[in-house]
Structures are given as C-alpha cells and as structure tokens.
2 protein chains.
Amino acid sequence: MTELEKGPQGARRGRGARERILSASQQLFPDQGINCTGVDQLCAVAEVSKRTLYQHFTGKDELIAEYLRRFDPDIMPGVFDRADLSPRERLLAVFDIHSSLCPFLRTSVELQDPGHAARILARDHKLAFARRLTEAAREAGATDPERLGEQLALLLDGASVRSRVLDADTFATAAAIASILVDNAIPTA
Amino acid sequence: MTELEKGPQGARRGRGARERILSASQQLFPDQGINCTGVDQLCAVAEVSKRTLYQHFTGKDELIAEYLRRFDPDIMPGVFDRADLSPRERLLAVFDIHSSLCPFLRTSVELQDPGHAARILARDHKLAFARRLTEAAREAGATDPERLGEQLALLLDGASVRSRVLDADTFATAAAIASILVDNAIPTA
DNA sequence: AGCTAAGTACACCGATCGGTACCGATTGGG
DNA sequence: CCCAATCGGTACCGATCGGTGTACTTAGCT
C-alpha cells in the first residue's frame, strides 16, 4: 500500500538494500576514507551481497557520488532558519558545529579525476553553501554580502581541514575571525 | 660470449638513486596523490630498480615521510626574511604564493593512520609554521601575536584546500581577511 | 689488478582491489 | 498458485598493490 522509495532501477518493493548501502557509506567513508574503504567491506557492513550493490549502482564511483548527494539537502540543518537568533548571530552560529573533516573536502582531495561526478558535486555544494552564507550576510545588512559569504566559507573549510591535521578544535579560531569580519562588514555594528 | 652489453647501461648514473627517488616523489605525489601513486611508477620515473628503492627506504611509508621531510626546511623560502618589507608587509606576503594544495594537508587527509610518521610530520610542520607566523606577528607589534599567527595559518590552509575543491584562486580572499586581521591586531595602525 | 658497495633486471609472492557469473532462497503481485 | 524480480552466498576474474629473492653488472677505491 505505502509506496516506498523509488529507485532508478525500479526497486518497487525494495527491501531497503539501497538504503543500507548508503548508510554503510556514511558510516565508513568519513572514518576510513574513500580510497581505503573497499566494496567488500561496504557490503559486509550493509549486510548486502556484492551483486545487489552492483544492481543499485553502476560502480563504486556512482556510489561515492550518491553518498555525497545525501549530504546536500540538509546543509547545516537548523542553522540558517533559526528564528530565535538575530541575523548576526545566525552568521556566527555556523561555527558552533565542531565537526570533523568535511566530507566534500575529503572527497575532493582523495579523488584525483577533476571530472569525477563526486568532485563536481563537491564543487557545487561549496558554491551553494557560500551562496547561503551570502544570503544570510545580506539579511544581516552586510555592505558586501557576497564577499562576506565567501570569507566565512573559507574560514569554515580552513577550520575543518586544520582540525584534521592538528587533531585539535580549530573552530574557535575560525569563529573569532568570523566575529571580526562580521563586525567590519556590517555598518552600525 | 662478449655480446653487446644489454643496452645503454654503461652511461647509467649509478649513484644518486636516493635523490632521484625523492625527486620522483615530489613530482608524482602532488599531481596524482599519494595513495594513487604506485611504487612501480615511482621507480619508473626515478629510473631506479625496485630493489634499489627498498634498499634506501624500509617501505613506501618511510618514503612518504622522507618526501614530506624535504619540504620542511624551506618553508616559504625567502618570505619571512625579506628585509625590503616592513613587518606588516611580511605578514601579508605569505598570501602572494598562489600555491596548489599543501602537501602536508594532502598527506594528512590521504593517510588514515593518525600515528603515521608522515602525519606526525605534517602536524609538526603546521605547528612550526604557525610559530613562524606568530614570531612575525610579534615583530609587527601585534597585541596577541600567538592568536594572530594561528589565525593567519588557518586562512592559508583554508585557501589551499578551497582552491582544490573550487578549482579557483582563493588566496585573494584569504589575503583580504588577513589584511583586516592584521589591522585589527596591531595598535596604532 | 681485485674487492666491495651500489645498482639493475626480472621473476615472483600473497593480498587486495573493483567487478562479474551462477545458483538457490525469498517474496509480492497477478 | 505461479511468475518474476530481488536478494544473499560464494566462487571467480584480471589487474594492481606493496614488497622480496636471486643473479648479474657496474663504479669507486686501494
């Protein structure tokens, strides 16, 4: 009766194999990296046969792309639309997320082919994210919202990759910079 | 039989194999990544037999570490010691280097083991680099040199990794931020 | 000369990679 | 009830990975 999710291959009554595979990807890729995670291990964790995986995805490359696509819709869920915060606070709230290495950055570094679908997705994601920051900056009354958005995006990526190499929390530093930038970019602040 | 001597091996520059291996590493690792560069290809480019490589290095891991160690001594050659620049200009001159993805960042992302010698080296390098920035900030008269040094280091790493994913020059953005930070950190500016 | 260290060439190893073929069990819809 | 599609298990494929063993050739130094 309830029509479940529709797969490209017509998984009409899918037993959830596709979901389990994606779930396993989201569990293994961030921890072990993409290149260091084999298809066999992916199947083992997902409790899925290898054959099933290749019925849902043409190959590992497509799986990686779909794995990234899952992150896209919920960019920073509940940050940009918090009504309890002032526009300025909303700009800085992004830095409260003490995250690990951003999956899009990791993918862009690990994959070599610049034309790989996943790297295109990563690029699009970063552009979209900067756009959302720009939008928030405009609402906050920044004189040059686009510039401020790009600046804040760079701070986030810097903190993300730097936390990886230093094994320390670098988001506080980024937040401090962001605070200065916001103050400088918004008149009557 | 005194047949021809197996090709033009007579003029082989027998010595200096280690140097050629390291040179090949510096040529291949940045372009193809570390995990995607095999030992065989490394040997081919270095014009070195596989046996020779393993006589100079215990394994690929040690080669990676030594490859990184080569970058260490010449951090930003001729930037921190330019007498023709004011201390403030010296702080900002670092951002004129429109570099590609920092090898230390790339290594930290590609290698999974946090205890890998190369990742320790990368961490040490980043700490040392921030220290040099801190020193330069102190000479420039910053009120909190350590803080400014860490901030500038984060900006550089952010620009580096962001240039990778966006395939664009992001160092101008970082330089603009740096200029603001420096102005804010140095009194009587 | 003659010895030794360094380098080369090439075959080889076990492990793992991404990906495929086949087969039997399960399951839902007509 | 039967058909067709999905799924799991498993063995398998060729390629490549990092790393080794062996035998031969060279360069440098007394």
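Six aromatic pairs occur over all chains of this structure, which is a predicted model. One of them joins Phe29(A) and Tyr67(A) in an edge-to-face arrangement. The ring centres lie 4.9 Å apart, with 75 degrees between the planes. This pair links distant parts of the chain. Phe29(A) belongs to helix α1 (residues 17-32) of chain A, Tyr67(A) to helix α4 (residues 60-69) of chain A, and 38 residues separate them. Phe29(A) is buried, at 0% relative accessible area. Tyr67(A) is also buried, at 1%.

In chain B, Phe71(B) and Phe104(B) form an edge-to-face pair. Here the centre-to-centre distance is 6.2 Å and the angle between the planes is 70 degrees. Phe71(B) sits in helix α4 (residues 60-71) of chain B and Phe104(B) in helix α6 (residues 103-110) of chain B, so the pair ties together parts 33 residues apart in sequence. Phe71(B) is partly exposed at 25% relative accessibility, whereas Phe104(B) is buried at 4%. In chain A, ring pairs link Phe29(A), Tyr67(A), Phe71(A) and Phe104(A) into a cluster.

The largest nonpolar core holds 62 residues. Leu91(A), Leu148(A), Leu155(A), Leu91(B), Leu148(B) and Leu155(B) touch the most other members. Helices α5 (87-93), α7 (117-139), α8 (145-166) and α9 (171-185) of chain A each supply at least two residues of this core, as do α5 (87-93), α7 (117-139), α8 (145-166) and α9 (171-185) of chain B. A second, separate core comprises 58 residues, including Val39(A), Phe57(A), Leu166(A) and Phe57(B). Beyond four places in sequence, Leu91(B) touches Leu133(B), Ala136(B), Ala137(B), Ala140(B), Leu148(B), Leu152(B) and Val182(B).

Two further residues illustrate buried positions on helices. Thr134(B) lies in helix α7 of chain B. Its relative accessibility is 9%, so Thr134(B) counts as buried. Its contacts more than four places away in sequence are Pro145(B), Glu146(B) and Gly149(B). Arg162(A) is located in helix α8 of chain A. Arg162(A) is buried, with a relative accessible area of 1%. With residues up to four places away left out, Arg162(A) touches Asp167(A) and Thr170(A) and, in chain B, Lys126(B), Ala130(B), Glu150(B), Ala153(B), Leu154(B) and Asp157(B).

The two chains superpose with an RMSD of 0.1 Å. Laying chain B on chain A takes a turn of 180 degrees and a shift of 0.0 Å along the axis. This is the relation of a two-fold axis. In chain B, the C-alpha of Gly158(B) is nearest the axis, at 1.7 Å. The copies meet through the same surface, because 100% of the interface residues of chain B are also interface residues in chain A.

Key
Residues are numbered from 1 along each chain as its sequence is written. Chains are lettered from A and ligands numbered from 1 in the order in which they are written. This is a predicted model: local features need pLDDT of at least 70, side-chain atom pairs count only at pLDDT 80 or more; totals for chains, interfaces and linings use all residues. Side-chain values use heavy atoms; hydrogens and water are left out. Copies are superposed by least squares on the C-alpha atoms of residues with pLDDT of at least 70 in both. Contact means heavy atoms within 4.5 Å. A nonpolar core is a set of buried Ala, Val, Leu, Ile, Met, Phe, Trp, Tyr and Cys residues joined through side-chain atoms within 4.5 Å. Buried means under 20% relative accessible area, exposed over 50%, partly exposed in between (1.4 Å probe, protein chains only). Helices (H or I, at least four residues) and strands (E, at least two) are DSSP runs, numbered from the N terminus. Rings of Phe, Tyr and Trp (its six-membered ring) pair if their centres lie within 6.5 Å; planes under 30 degrees apart count as stacked, over 60 as edge-to-face and the rest as tilted.
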